[in-house]
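Work through the following exercises with the sequence and the structure side by side, and try each task before reading its solution.

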Amino acid sequence: MRARREVRDRRPGEPVTPDFPLRFPVVALVTSAGGLEALTRVLAPLPADFPAAVLVAQHLDPARTSHLTAILAARTALRVGEAADGDKLAAGAALVVPAGRHLLVTSDARIGLLDTGDLPPARPSADLLLATLAVTCGPRALAVVLTGKGTDAQTGIRAIAHCGGTVFAQDEGTSAHFGMPGAAIGTGLVHAVLPLSGIGAAILDHVARYT
């Protein structure tokens with residue numbers, strides 16, 4: 001499938017409304033299988049003074065030790081840490097959702113972590129993260145759906161779009177697994193479908209409009 005850009009029209013220069021509690025941009029990167037390379041390529045061009053907070057959610061097996069946070073910290077200029085309950089979101093910092101937890105964004109720009117059970121949804125849940133980001137961040141929220149199996153994030157991006165936020169998806173040609181991006185694109189709510197090599201620059205351009 002050829003990459004499609006601007007799947008859904010966005011009004012250029014649309015003013016940011018003051019109706020949402022978070023007053024700075026937040027970028028949520030959600031992924032599953034094949035996500036390490038994708039996350040590395042997306043985070044690499046983001047500078048240390050990046051004027052937005054970043055949340056990273058990759059489906060992980062809670063029974064296995066994850067080195068995702070340490071690997072990403074070595075590959076980006078952002079401050080990278082594993083999210084802890086009560087952490088404050090901050091510009092220039094990327095928080096990685098730990099294995100076996102779901103992450104919520106609260107109205108005071110803090111992290112809430114929930115223990116997960118043995119049954120679905122996927123862990124960590126992109127849908128739960130994005131839905132809470134949508135209602136706290138509104139138009140300042142950017143969801144980026146990267147390679148992965150399954151359909152997680154499909155509901156979450158509906159929430160992002162409903163609250164005025166923006167959604168990018170990785171294209172099929174550069175996705176190791178097109179389940180998650182394909183499901184996102186299938187909603188008709190994705191603003192841009194991009195090759196992996198172009199996502200970092202697109203994030204920078206998007207955030208510049210909201211800072």
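The exercises below concern a predicted model, and each task is followed by a worked solution.

**Exercise 1. The sheet**

Work out in which order the strands of the open sheet lie, and which strands stand at its edges.

Solution. Begin with the order of the seven strands, which is β3-β4-β2-β1-β7-β8-β9, with parallel pairing. Next, look at the two ends of this order: β3 (79–82) and β9 (192–194) each have a single partner strand, so one side of each is left without a neighbour in the sheet. Finally, follow the strands across the sheet, where the twist averages 20° from one strand to the next. At the β9 end, strand β8 (residues 166–170) runs parallel to β9 and is joined to it by three bridges, and Gln170 stands opposite Leu194 of β9.

**Exercise 2. Strand β1 and its neighbours**

Determine how β1 is paired on its two sides, and decide whether its residues are buried or exposed.

Solution. Take the pairing with strand β2 (residues 53–58) to begin with: β1 and β2 are parallel and share six bridges, and Ala28 stands opposite Leu55. Then turn to strand β7 (residues 141–145), which is parallel to β1 and joined to it by five bridges; here the bridge partner of Ala28 is Ala143. For burial, the cut-off needed is a relative accessible area under 20%. Six of the six residues of β1 (residues 26–31) are buried, so the strand is largely enclosed by the rest of the structure. The burial concerns both faces, with Val26, Ala28 and Val30 on one side and Val27, Leu29 and Thr31 on the other.

**Exercise 3. Helix α1**

Find which unit helix α1 (residues 35–43) forms with β1 and β2, and what covers its buried residues.

Solution. Trace the chain from β1 through α1 to β2, and the three elements are seen to make a right-handed β-α-β unit. Now list the buried residues of the helix, which are Gly35, Ala38, Leu39, Thr40, Val42 and Leu43. Their cover includes β1, β2, α2 (68–73), β8 and α6 (196–208).

**Exercise 4. Helices packed on helices and on strands**

Describe how α3 and helix α4 (residues 154–162) pack, and state which strands α4 and α5 lie across.

Solution. Two packed helices are described by the angle between their axes and the distance between the axes. For α3 and α4 the angle is about 5° and the axes are 7 Å apart. Angles under 35 degrees count as roughly parallel, and therefore α3 is roughly parallel to α4. The contact involves Asp127, Leu130, Ala131, Leu133 and Ala134 of α3, together with Gln154, Thr155, Gly156, Ile157, Ala159 and Ile160 of α4. Sorted by kind, the residues of this contact are seven nonpolar, three polar and one charged. As for the strands, α4 lies across β7 and β8 and runs at about 150° to β7, while helix α5 (residues 179–186) lies across β1, β7, β8 and β9 and runs at about 135° to β8.

**Exercise 5. The surroundings of Arg123**

Locate Arg123 in the chain, and say which residues it touches.

Solution. First, place Arg123 in the loop between β6 (111–115) and α3 (126–137). Second, consider its exposure: with a relative accessible area of 22%, Arg123 is partly exposed. Third, leave out residues up to four places away in sequence, and the contacts of Arg123 are Gln58, His59, Leu60, Pro62, His102, Thr116, Gly117 and Asp118.

Terms used:
Residues are numbered from 1 along each chain as its sequence is written. This is a predicted model: local features need pLDDT of at least 70, side-chain atom pairs count only at pLDDT 80 or more; totals for chains, interfaces and linings use all residues. Side-chain values use heavy atoms; hydrogens and water are left out. Helices (H or I, at least four residues) and strands (E, at least two) are DSSP runs, numbered from the N terminus. Buried means under 20% relative accessible area, exposed over 50%, partly exposed in between (1.4 Å probe, protein chains only). Contact means heavy atoms within 4.5 Å. Two strands pair if DSSP finds at least two bridges between them. A crossover is right-handed if, with the strands pointing away from the viewer, the path from the first strand over the helix to the second runs clockwise. Axes are lines fitted to C-alpha atoms, for helices over the stretch in contact, and angles run from 0 to 180 degrees between N-to-C directions. Angles under 35 degrees count as roughly parallel, over 145 as roughly antiparallel, 65 to 115 as roughly perpendicular and the rest as oblique. Ala, Val, Leu, Ile, Met, Phe, Trp, Tyr, Cys and Pro count as nonpolar, Asp, Glu, Lys and Arg as charged, and the others, Gly among them, as polar.
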